[in-house]
Amino acid sequence: MKASDYIEESTRYLMGTYRRYPIVMRKGRGVKVWDTDDNEYLDFIGGIAANVLGHCHPKVVMALQKQAQRLLHVSNFFHIGPQTELARLLVENSFADKVFFCNTGTEANEAAIKLARKWSIEKHGHSGHSDHSDHSDHSEQSRIEIITSSLSFHGRTLGSLAATGQDALKKDFGPMPGGFIHVPFDDIEALRGAMGKNTCAVLLEPILGESGVIVPSPGYLREVRALCDEKGILMMLDEVQTGIGRTGKLFAYEHEGIEPDIMTLAKGLGGGIPIGALLATDNAAKAFKPGDHGSTFGGNPLACSASIATLKVVMDSGILLDQCKRMGAYLLDKLNDLKLKHPDKIKEVRGKGLLVGMELEFECADVVKACMARGVLLNCAAKNVVRFMPPLIVEEKDINEVVEALDNVLDQD
Ligand code: PLP
């Protein structure tokens with residue numbers, strides 16, 4: 001079938017939730033993908049930060065093949081070997097004591113929201129205060145408010161959407177579940193001011209990814225940790241985008257020398273296979289009892305096998321994490337050079353590890369399209385931020401190619 005036929009059928013049969021480029025991708029290896037016309041692309045979208053090891057990493061493919069011949073799915077009525085092994089790997093390499101598996105980032109955040117509420121109800125009971133009169137509809141279960149940040153993104157299902165700090169995404173989908181307060185990101189006093197007797201948790205992205213790679217000031221997350229301790233509430237980090245090596249550490253919280261109480265993961269966790277996870281300390285996790293939460297496919301053997309292989313490669317002697325740091329610094333340098341060359345077009349370059357944003361003085365859709373025509377896949381986060389999320393295996397020569405394409409495109413604008 002020709003690309004144009006696929007595109008016509010796609011438009012006929014699929015719901016119109018996505019604005020897609022008129023390209024049909026056929027295969028991928030490492031940092032590259034090829035479309036059905038055999039055009040080659042350097043992939044710096046990376047499956048929206050999911051392909052931490054690039055396309056079809058041999059260790060992940062091998063793990064999938066092995067597991068596929070043994071057992072695909074069986075349900076959580078039973079113990080599942082790869083699920084247990086993956087949980088152990090995550091616990092041994094993070095702050096967490098316990099793990100719950102699901103399938104996506106939004107599901108992981110739903111689970112986090114439920115866990116925080118249940119933890120709080122177990123701690124304080126149902127009776128409560130209502131010092132935030134605009135949220136007094138929760139007077140029955142008072143201490144269930146969660147503070148998140150403006151411009152945050154936590155997912156598309158209703159709980160995660162309610163947690164998300166972007167009104168435009170909620171329009172026409174109300175009513176939203178209540179119990180969420182949004183405060184400006186990177187503003188500790190705003191956070192302190194929003195905390196009331198009904199607050200049970202704070203949920204934050206360590207870096208705002210979807211809103212254009214907004215990196216908070218050094219020390220912000222440490223102050224959030226201290227504030228949560230002072231108030232006796234949970235600190236929850238959404239590391240769906242920043243986790244699994246993306247920022248040069250296995251988890252972004254490690255940069256700040258702190259530990260959250262709860263963390264959510266997805267994207268990179270499966271190396272290209274859908275899996276999500278909720279990680280928590282024993283103190284928080286013990287609020288979940290049998291029947292409180294679940295997922296038919298969560299932690300299924302196939303996804304867990306892919307995830308074990310991915311994690312092992314990412315963690316292997318820290319080689320890839322070091323490479324991520326080096327390549328991230330290299331990319332930032334190159335983009336800063338580009339900014340010097342195009343000071344009227346590039347406003348700011350920022351990021352950590354291989355989560356990098358280049359803010360333009362104008363909307364970036366046309367720049368991204370022009371790069372695509374030159375065989376470079378980039379993505380627009382917010383309207384004017386070009387986002388770079390290549391796999392951690394990316395090399396200098398790939399970065400050079402991408403920056404050269406950008407340079408040519410900006411020259412022509
Ligand atoms: N949280 C963050 C920080 C994200 O970046 C995303 C997706 O972009 C999500 C949650 C939602 O993840 P998913 O699309 O897997 O539901």
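Contact is defined here as heavy atoms within 4.5 Å. Helices (H or I, at least four residues) and strands (E, at least two) are DSSP runs, numbered from the N terminus. The model is predicted, so local features need pLDDT of at least 70 and side-chain atom pairs count only at pLDDT 80 or more, while totals for chains, interfaces and linings use all residues. Residues are numbered from 1 along each chain as its sequence is written, and side-chain values use heavy atoms, with hydrogens and water left out.

Helix H9 covers residues 220-231. Its 12 residues should span 16 Å at 1.5 Å a residue (1.5 Å times one less than the number of residues). The end C-alpha atoms of H9 lie 17 Å apart, which agrees. Tyr-220, Leu-221, Val-224, Arg-225, Leu-227 and Cys-228 of H9 are buried (under 20% relative accessible area, against over 50% for exposed and in between for partly exposed; 1.4 Å probe, protein chains only). They cover an arc of only 165 degrees, taken from the directions from the helix axis to the C-beta atoms, which puts them on the same side of H9. Asp-229 and Glu-230, on the other side, are exposed. The cover over the buried residues includes helix H8 (188-194), strand E7 (199-204) and strand E8 (234-238). Just after H9, Gly-232 has a positive phi of about 70 degrees.

The largest nonpolar core (buried Ala, Val, Leu, Ile, Met, Phe, Trp, Tyr and Cys residues joined through side-chain atoms within 4.5 Å) holds 95 residues. Leu-191, Leu-335, Leu-378 and Phe-388 touch the most other members. Helix H11 (residues 301-315) gives the largest share, 9 residues. A second, separate core of 25 residues includes Leu-115, Cys-200, Met-236 and Leu-278.
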